[in-house]
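Visitor: I have a chain open on my screen and would like to talk it through. Could you take me around?

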Amino acid sequence: MTSKTLCLLALTLAFIITSCNKKSSPTPSGTTTTTTISSYPYYFRFSLDGVADTIASKGVSKAYDNSTNAILASISPDGSSLWPSLDLRFTLPQWWDTVKESDVMGMIGKTLYFTDSIMAPRLAYEVSDTTEWNSYGQSGDYVKVDSITFNGTDNYMGHAVRTYIMVGSCQAQVMKSFGTNKLFKGNFRMPLVRVTSW
């Protein structure tokens, strides 16, 4: 063999080895996210009407619910933009009810249905300031809570706040204005916030 043939053979072998060692991205195909999820501790990977997308964030959201009968999980991209954002809100039946620590931790390992009356979930996906998709309590729609971990305390307008990290998945029929409903499915690791007194 000539030295030119050996050099060509070595380059071909190096290319094959490099191609086999490439790792696949954990980001869903079709996503508009430009970075991989592994570099972001908080994310919501989802599909809306079969189109995959991801919202990822490095920081804990500062979105709060100003009612003691509800807790709010919220995520939006890092930076100054408010959109897109995804919210999961869980409520007790009456506005005068107060969500307690036992209510939050009692969600772990449970599947909460959008038709429930205790800790009933609601989903809102704001694409922009003019486009928002909302769940409407369809039977069979759910949020499955795999884990909730206490993350720390905060203060919101002089009110004590407890923050958590929630991991789980969901499925819901969502509607934009009064249009046709679409299927929303996703999994998440996102901040959850409880205002302890108002």
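Guide: Yes. Keep in mind that this is a predicted model.

Visitor: How many helices and strands does the chain have?

Guide: There are 2 helices and 10 strands. Along the sequence they come in the order α-β-β-β-β-α-β-β-β-β-β-β.

Visitor: And what share of the residues is buried?

Guide: The chain has 198 residues, and 36% of them are buried. Its accessible surface is about 10900 Å², with 56% of that belonging to carbon and sulfur atoms.

Visitor: What about contacts between residues that are far apart in sequence?

Guide: Take the contacts with a separation of 6 or more: 57% of them are between residues 24 or more positions apart.

Visitor: Let's pick one strand. How many residues of β3 are buried?

Guide: Strand β3 covers residues 70-75, and 6 of its 6 residues are buried.

Visitor: Which way do they point?

Guide: A70, L72 and S74 point one way, while I71, A73 and I75 point the other way. Both sets are buried.

Visitor: Why the two sets?

Guide: In a regular strand, side chains alternate between the two faces of the sheet.

Visitor: Which strands does β3 pair with?

Guide: One is β4, residues 85-91, which runs antiparallel to β3 and is joined to it by 6 bridges. Another is β10, residues 182-195, also antiparallel, with 2 bridges. L72 is a handy residue to look at here. Its bridge partner in β4 is R89, and in β10 L72 stands opposite V193.

Visitor: Switching topic. Which residues touch the most other members of the largest nonpolar core?

Guide: F44, L88, F90, M166 and F184 do, in a core of 34 residues.

Visitor: Which strands supply that core?

Guide: At least two residues come from each of β1 (42-48), β3, β4, β6 (120-126), β8 (142-156), β9 (159-176) and β10. The largest share is from β9, with 6 residues.

Visitor: You listed F44. What does F44 touch?

Guide: Leaving aside residues up to four places away in sequence, its contacts include I75, L86, L88, C170 and F184. D53, T54 and I55 are also among them, as are G186, N187, F188 and M190.

Visitor: Now something outside the strands. Where is D116?

Guide: D116 is in the loop between β5 (111-113) and β6.

Visitor: Is it buried, exposed or partly exposed, and why?

Guide: D116 counts as partly exposed, because its relative accessibility is 27%, and the partly exposed range runs from 20% to 50%.

Visitor: What does its side chain reach?

Guide: A polar atom of the D116 side chain lies 2.8 Å from the backbone nitrogen of Y113. You can also find P93 from there: the C-alpha atoms of D116 and P93 are 9.2 Å apart, with their positions 23 residues apart along the chain.

Visitor: Next, charges. How many salt bridges are in the whole structure?

Guide: A search finds 5. One of them joins K182 and D49, with the closest N and O atoms 3.5 Å apart.

Visitor: Why would I care about where those two sit in the sequence?

Guide: K182 is in strand β10 and D49 is in the loop between β1 and β2 (51-57), so the salt bridge ties together parts that are 133 residues apart in sequence. K182 is partly exposed at 26% relative accessible area, and D49 is partly exposed at 48%.

Visitor: Give me another one.

Guide: E101 and R162 meet in a salt bridge with an N to O distance of 2.9 Å. E101 is in helix α2, residues 101-105, and R162 is in strand β9, 61 residues apart. E101 has a relative accessible area of 25% and is partly exposed; R162 is partly exposed too, at 24%.

Visitor: Which other residue forms a salt bridge with E101?

Guide: R194, with the closest N and O atoms 2.8 Å apart. That pair links helix α2 to strand β10, 93 residues apart.

Visitor: Is R194 buried or exposed?

Guide: R194 is buried, because its relative accessible area is 7% and buried means under 20%.

Visitor: What do these salt bridges add up to?

Guide: They share partners, and together they join E101, R162 and R194 into one network.

How values were computed
Residues numbered from 1 in each chain as written. Predicted model: local features only at pLDDT ≥ 70, side-chain atom pairs only at ≥ 80, totals over all residues. Heavy atoms only, no water. Helix = DSSP H or I, 4+ residues; strand = E, 2+ residues; numbered from the N terminus. Buried < 20%, exposed > 50% of the residue type's maximum accessible area, 1.4 Å probe, protein only. Contact = heavy atoms within 4.5 Å. Areas by Shrake-Rupley, 256 points an atom, 1.4 Å probe, with all protein chains shown as cover. Pairing = 2+ DSSP bridges. Core = buried A, V, L, I, M, F, W, Y, C linked by side-chain atoms within 4.5 Å. Polar contact = N/O pair within 3.5 Å; in protein donor to acceptor, adjacent residues only side chain to side chain. Salt bridge = Lys/Arg side-chain N within 4 Å of Asp/Glu carboxyl O.
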